[in-house]
Amino acid sequence: MKRLVCDRCDFEIAYKEDINLALEGQDAWEMACSARDEEPRGVFPCKNYRHCHGEMQVVTVRGGLLGRLRQKANP
Ligand SMILES: [Zn+2]
C-alpha cells in the first residue's frame, strides 16, 4: 500500500485518488525543479510547501502499526 508523506512536516496523503492525482502532476513538478536547477526530492510539493518547503515522498507501507513505526524510525 502506497502513501505520500511530506519529508518535512509529515503531512500525509493516504487516499488512492489523491495519490494518483499527485503522481499525474509529477512530471510538471520535475520540470519546475529542473527549471530552478534543483533535483526534486519527492514527486510533488507538500500542500504546506510555503511553510515547510517539503516534498511528498512515496512511502510503501507494509501495513498497520509496524509500517508506521518503521517510518518514524527512519526520518
Ligand atoms: Zn510539508
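**Figure 1. The hairpin of E1 and E2, with aspartate 10 in its loop.** Start this tour of a predicted model at the turn: 5 residues sit between the two strands of the hairpin. One of the residues to look for is aspartate 10, found in the loop between E1 and E2. Its phi is near 70°, a positive value, and aspartate 10 is a residue other than glycine. Is it buried or exposed, or something in between? Aspartate 10 counts as partly exposed, because it has 14 C-beta neighbours inside 10 Å. On either side of this loop, strand E1 (residues 2-6) and E2 run antiparallel, joined by 2 bridges. You can pick out two facing pairs here: valine 5 stands opposite glutamate 12 in E2, and leucine 4 stands opposite isoleucine 13 in E2.

**Figure 2. The open sheet, made of 4 strands.** Now step back from the hairpin and take in the whole sheet. What is the order of its strands? It goes E2-E1-E4-E3, and the pairing is antiparallel. Strand E2 (12-13) and strand E3 (44-45) stand at the edges with a single partner strand each, so one side of each has no neighbour in the sheet. If you wonder what holds strands side by side, the general answer is that strands of a sheet pair through backbone hydrogen bonds, either parallel or antiparallel. Besides its partner E2, strand E1 has E4 as an antiparallel partner, and here 5 bridges do the joining. For an example, find arginine 3: its bridge partner in E4 is valine 59.

**Figure 3. Valine 5, a buried residue in the sheet.** Valine 5 belongs to strand E1. Why does valine 5 count as buried? The reason is that 21 other C-beta atoms lie within 10 Å, and the cut-off for being buried is 20 or more. Leaving out residues up to four places away in sequence, valine 5 touches Asp10, Glu12, Met56, Gln57 and Val59. Two of those should ring a bell: Asp10 is the residue with the positive phi in the hairpin, and Glu12 is the one standing opposite valine 5. Also have a look at cysteine 46, which is 41 residues apart from valine 5 along the chain, with 8.4 Å between their C-alpha atoms.

**Figure 4. Cysteine 6 and the residues around it.** Cysteine 6 is another residue of strand E1. It counts as buried, because it has 22 C-beta neighbours inside 10 Å. Which residues does cysteine 6 touch, not counting those up to four places away in sequence? They are Phe11, Cys46, Cys52, Gly54 and Met56. Glycine 42 is worth finding too: it and cysteine 6 are 36 residues apart along the chain, and their C-alpha atoms are separated by 8.3 Å.

**Figure 5. The largest nonpolar core, 6 residues in all.** Put the last two views together and you get to the core. Its members are Leu4, Val5, Cys6, Phe44, Cys46 and Met56. Which element gives the largest share? That would be E1, with 3 residues. Over the chain as a whole, 13% of the 75 residues count as buried.

**Figure 6. Histidine 53, in a loop before strand E4.** This view moves to the loop between helix H3 (49-52) and strand E4 (55-60), where histidine 53 lies. Like aspartate 10 in the hairpin, histidine 53 has a positive phi, here about 55°, although it is not a glycine. With 13 C-beta neighbours inside 10 Å, histidine 53 counts as partly exposed.

**Figure 7. Helix H2 and the residue aspartate 37 that comes after it.** Helix H2 covers residues 26-35. How many of its 10 residues are buried? The count is 0, so to speak of H2 as hardly covered is fair. Aspartate 37 follows H2 and has a positive phi, near 60°.

**Figure 8. The chain from end to end, with 4 helices and 4 strands.** To finish, trace the chain along its sequence and you'll read the pattern β-β-α-α-β-α-β-α. Take the contacts between residues at least 6 apart in sequence: 47% of them join residues at least 24 apart.

Notes
Residues numbered from 1 in each chain as written. Predicted model: local features only at pLDDT ≥ 70, side-chain atom pairs only at ≥ 80, totals over all residues. Buried ≥ 20, exposed ≤ 12 C-beta atoms within 10 Å, placed from the backbone. Contact = placed C-beta atoms within 7 Å. Pairing = 2+ DSSP bridges. Core = buried A, V, L, I, M, F, W, Y, C linked by C-beta atoms within 7 Å.
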